[in-house]
Amino acid sequence: HNSFVGNIYQQVSACANLPNIWCDSYPSGGNYWSDYTGVDMYSGLFQNETGSDGIGDARYFIDENNTDGYPLMGVWTETGENVSVIHPSGISFIFSKVVSGGVTMINKSSVGPTLPSGFRDASKPPLYYYIRITANYTGLVTLGAVYDRNGLTQLEQNLLNLVHWNYTLQKWENVTVHV
């Protein structure tokens, strides 16, 4: 459950040409590799069952002797209280209580639902974050996002809101508690 982020070389074996263990068994998984380009469309021990599970469908190749058989699609979220997770995307979370660990996945996109009337996205093109968390948690979650305030008036900064697209109801919901 390590996170290897932005490295030129993701790992260098201390003992050349010897295999190392890079993952736990399913469903615990392996590590998060920021240069992993696989997808997560399947689940199960052989990643051949319908539905995603936060684990990449293809192995992560390290070298001829080493692979991570269950690469994580996001950073690992530990069990505990006031758990802090900083994702390579720049988004951060603080979970009041994580009951069981899991993966925090974030994908950025310039494509998403039309913003609600009266809202505008300060980024050009608009920026959407698709967040999925497989950890089980209770209580409050604090989300931190860095934004560029250039081009925003003080009033616009004071009116910043966090909105969430509810896929079931097909509408935006304001989930802002504090900015």
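**Close-up views of a predicted model**

**View 1. Asp40 in the loop between β2 and β3.** Asp40 lies in the loop that runs between β2 (32-33) and β3 (42-43), shown here, as in every view below, in a predicted model. Its relative accessible area is 15%, and because buried means under 20%, Asp40 counts as buried. Two backbone nitrogens are met by the side chain of Asp40: that of Asp53, reached at 3.2 Å, and that of Gly54, which lies 2.7 Å from a polar atom of this side chain. When residues up to four places away in sequence are not counted, Asp40 touches Gln47, Ser52, Asp53, Gly54, Ile55, Asp57, Met73 and Arg132, so that the two residues whose backbone nitrogens are contacted, Asp53 and Gly54, also appear among the residues around the buried Asp40.

**View 2. Glu78 in the loop between β7 and β8.** Glu78 is placed in the loop between β7 (75-77) and β8 (80-86). With a relative accessibility of 46%, Glu78 counts as partly exposed, because exposed requires over 50% and buried under 20%. Once its neighbours within four places in sequence are left aside, Glu78 is in contact with Val83, Val98 and Gly101. Phe95 is 17 residues from Glu78 in sequence, and the C-alpha atoms of Glu78 and Phe95 are 9.9 Å apart in space.

**View 3. The open sheet β8-β9-β12.** Three strands form an open sheet in the order β8-β9-β12, and their pairing is antiparallel. The edges of this sheet are β8 and β12 (136-144), each of which has a single partner strand, so one side of each is left without a neighbour in the sheet. On average, and with direction ignored, neighbouring strands of this sheet are turned by 25° against each other. β9 (residues 92-100) is joined to β8 by six bridges, and β9 pairs with β12 over seven bridges, again in the antiparallel sense.

**View 4. Bridge partners and the turn of the β8-β9 hairpin.** Along the antiparallel pair of β8 and β9, Ser84 stands opposite Ile94 in β9, and the bridge partner of Ile86 in β9 is Ser92. Ser92 also stands opposite Gly144 in β12, which places Ser92 between Ile86 and Gly144 because it has a bridge partner in each of the strands beside β9. The hairpin of β8 and β9 has five residues between the strands, and within this hairpin Gly90 takes a positive phi near 100°.

**View 5. The β13-β14 hairpin.** Strand β13 (residues 163-166) and strand β14 (residues 171-174) run antiparallel and are joined by four bridges. One of the facing pairs involves His164, whose bridge partner in β14 is Glu173. Four residues lie between the strands of this hairpin, in which Gln170 takes a positive phi near 55°.

**View 6. Confidence along the chain.** The pLDDT of the chain averages 87, and 94% of the residues score at least 70. Confidence is highest in β3, at 96, and lowest in helix α1 (residues 154-158), where the mean is 86. β3 is the strand that follows the loop of Asp40 in the first view.

Key: Residues are numbered from 1 along each chain as its sequence is written. This is a predicted model: local features need pLDDT of at least 70, side-chain atom pairs count only at pLDDT 80 or more; totals for chains, interfaces and linings use all residues. Side-chain values use heavy atoms; hydrogens and water are left out. Helices (H or I, at least four residues) and strands (E, at least two) are DSSP runs, numbered from the N terminus. Buried means under 20% relative accessible area, exposed over 50%, partly exposed in between (1.4 Å probe, protein chains only). Contact means heavy atoms within 4.5 Å. Two strands pair if DSSP finds at least two bridges between them. Axes are lines fitted to C-alpha atoms, for helices over the stretch in contact, and angles run from 0 to 180 degrees between N-to-C directions. A polar contact is a pair of N or O atoms within 3.5 Å; within protein, one must be able to donate a hydrogen and the other to accept it, and residues adjacent in sequence count only if both atoms are side-chain atoms. pLDDT is the predictor's confidence in each residue, from 0 to 100.
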